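Subject: Handing over a model

Hi,

Here is the structure I promised to send you. Please open it alongside this email, and my notes follow below.

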Amino acid sequence: MMPAALLYLVQMQLALLLLLGVYYLALRQLTFHRLNRGYLLGSLALAALYPALDLSALSLRPAPAAAARPRLLPQLLDGAGPTAAAAGPAPVSAETWWWLGYGAGAGLLLLLLLVQAAALWRLHRGSRPARAAGSVFRAVAAPISPFSFGRHIYLNPARHPAEELPAVLLHEQVHVRQLHSLDTLLAHLHRALAWASPAAWLWLRAVQENLEFIADAAVLRESALPAKTYQYSLLRLSTLGAAPAFATPFSFITLKNRIQMMNTPESSPRQLSRYAAGLSLLLLLAAACATPKASEVPQPRPGASAARALDKMTYLLDGRPSTEAEVFAQEENLLTLHVYKGTKPNQGADLAALRRDYGSRLDDGLAFGFTKAGVNTPAVQALNAKYGIKLGDPAVLEKHKTDTEAMYRKVLDGQGLTDEEIGGRLVLIDQQPATAAQLRALPPGTVSGFAVSDGPAKKFGEASRKGLVMVTTTKPAAQAQPDPVDGLVSTLDKDLNTPLYFLDGQPADKAAVEQLQPAAISSMWVMKNDKARQRYAFQNIGTHDVIIVVTKANEQSAAVQEFIRQHGIEQSKPSPKAGKPTSSGLLYPGFLTKDQC
């Protein structure tokens, strides 16, 4: 992904190049030179603002649905990270080298401007006030071409015949009165800062040329000097020494263009329509290229908490301090993300070392991203050894990342995942246990985040033995989302009397159980919370009762058998009973009531 600053520069210079194209094709040949000056200055301002403008209202295409990008959900991963000092120097990225080269070019041009400014200051100090043809100027001894900068006109009176001085001084007075030096200085600064862009060099030339057009037209309009006499004077003055580069010289390199422009008939008022046509063309191109901002920037999920725990986390990328935006901006190159939070054991790192180096920041969370280019660097390897991080085989991680992104695209498009792709992992939708059928039932475009882990998650017990598939969706604002770092809520809803459901050895919800046909159910256990905690080894269930359902299709599966063995349920397996209506609904064959349990 292109860095934001670089993207801004590219968009600005492309916009400026387009505006200059309109100028050279339709406006430069006109004699409305002062209007063209406003166009050139406005084109730079518009190009600078263009990247920040929302042109979605001009779009000729329907706004596409905002596609959520695949975000690594850090609660599915574990890891640790170093302090900046412990990590050592990180390898210099290609982006860093690019900025170093770009900065070197800009610095060189800015230094050149400073040198030229110093030369102008020395020239000014060596000049003396003088007057000729009723105008004040600074007389210099050097054989330079007449020029102006700021409020001063510089020339060598000994190099000009008396009849030539009035036209020369009038030309420079136009530059002084209309503050042309500001345009020229701005053009040179812009070229120095955007030296890699052809548009910056073209804009400088266009500005300098147009300023000379303005001054030449004023001389012919305000003086009685014949045009040919003035043009011969320009030709003779072009042989004199050059003026400072960022000044407004009398004899410009585009002398031929100036003479051609002076011989061009004055444009008629009807030619003003070219400006309207050019503006219409620009609006049309902007409309054709416009895309709604909603499709460019992933929007936050409605109802998400403003104070997310992710905002409080400390981020590192390949061992160096970073930000959430920078880490997730590397999604194309990000190989894995490891997150540690608090003092819970079995997080896969040396928590004591993390606490020693990061202090209270560990309580808010430490997120460490590793890119493909950085995972094998000595600095990252040393960091992993210090904190006990086991990244694994980069090739395996890359395959896992590729498979996860392919699965994400299927879920995002509403295709769901097959049982083979789920691979026995526990499915979580918006932090709540769900079934494969519920995952496949998600409508297209409702998924905002997706992640897969292959290792067990202790807090989810045996159900997560083969890993997790976690999905976050866009929900109405009224449905507040759980904190993505603090993990799964321990209840299926806020009612403390709501039972906890397990379907075929995996956590489920009431809706999934109620969708089952009675003939599909093999057995069901209903346990009060105290029995579930003490006799059947269910932990952290609070005051909830536990309902376990086993279907005929899966009763002999390894997952169900392991679940029954883990909780000792086989010692008290109920015998099937005929179902009959009860106050809480249908009692299916094989079900036992709470009293019977």
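How far apart do the end C-alpha atoms of residues 6–27 lie, and how much of the span is helix or strand? The two ends are separated by 30 Å, and the span is 100% helix and 0% strand. Helices here are DSSP runs of H or I with at least four residues, strands are runs of E with at least two, and both are numbered from the N terminus.

Before the rest, a word on the ground rules. This is a predicted model, in which local features need pLDDT of at least 70 and side-chain atom pairs count only at pLDDT 80 or more, while totals for chains, interfaces and linings use all residues. Residues are numbered from 1 along each chain as its sequence is written, and side-chain values use heavy atoms, with hydrogens and water left out.

**Overall picture**

The chain has 21 helices and 19 strands. Of its 597 residues, 46% are buried, meaning under 20% relative accessible area (over 50% is exposed, in between is partly exposed; 1.4 Å probe, protein chains only). Its accessible surface comes to about 30300 Å², with 61% belonging to carbon and sulfur atoms; the areas come from the Shrake-Rupley method with a 1.4 Å probe, and for residues only the protein chains shown count as cover. Among contacts (heavy atoms within 4.5 Å) between residues at least 6 apart in sequence, 71% join residues at least 24 apart.

**Confidence**

Mean pLDDT, the predictor's confidence in each residue from 0 to 100, is 75 for the chain, and 74% of the residues reach 70 or more. Helix α6 (residues 180–193) has the highest confidence, at 94, and strand β19 (residues 585–586) the lowest, at a mean of 28. Please read two stretches with care. Residues 63–90 have pLDDT below 50, with 85 contacts in the model beyond near neighbours in sequence. Residues 571–597 are also below 50, with 43 such contacts.

**The annotated spans**

An unreviewed UniProt entry lists residues 6–27, 39–60, 97–121 and 234–255 as "transmembrane region". The positions are given in the numbering used here, feature names are shortened, and annotations may be inferred rather than shown by experiment. Residues 97–121 are 100% helix and 0% strand in the model, and their end C-alpha atoms are 36 Å apart.

One residue touches two of these spans' members, so to speak, and is worth a look: Ala194, in the loop between α6 and α7 (198–222). Ala194 counts as buried because its relative accessibility is 4%. Its contacts, leaving out residues up to four places away in sequence, are Gln13, Tyr102 and Ala200. Gln13 is 181 residues away along the chain, yet the two C-alpha atoms are separated by 8.2 Å.

**A four-stranded sheet and its helix**

An open sheet of four strands has the order β7-β6-β9-β8, with mixed pairing; two strands pair if DSSP finds at least two bridges between them. β7 and β8 (334–340) stand at the edges with a single partner strand each, so one side of each has no neighbour in the sheet. Neighbouring strands are turned by 30° against each other on average, direction ignored. Axes are lines fitted to C-alpha atoms, for helices over the stretch in contact, and angles run from 0 to 180 degrees between N-to-C directions.

β6 and β7 are antiparallel, joined over three bridges, and Tyr315 stands opposite Ser322 in β7. Helix α13 (residues 351–358) packs on this sheet, touching β6, β8 and β9 (366–371), and its direction makes about 105° with that of β9. Leu354 belongs to α13 and is buried, with a relative accessible area of 0%. From Leu354 to Leu366 is 12 residues in sequence and 9.0 Å in space, C-alpha to C-alpha.

**Two aspartates and a covered strand**

Asp318, in the loop between β6 (314–317) and β7 (320–322), has a positive phi of about 55° although it is not a glycine. Asp504 has a positive phi near 55° as well, and its place is the loop between β14 (500–503) and β15 (506–508). Both count as buried, Asp318 at 13% relative accessibility and Asp504 at 12%.

Finally, seven of the seven residues of strand β12 (residues 447–453) are buried. Six bridges join β12 to the antiparallel strand β13 (residues 468–473), and Gly449 stands opposite Thr472 in β13.

Best wishes
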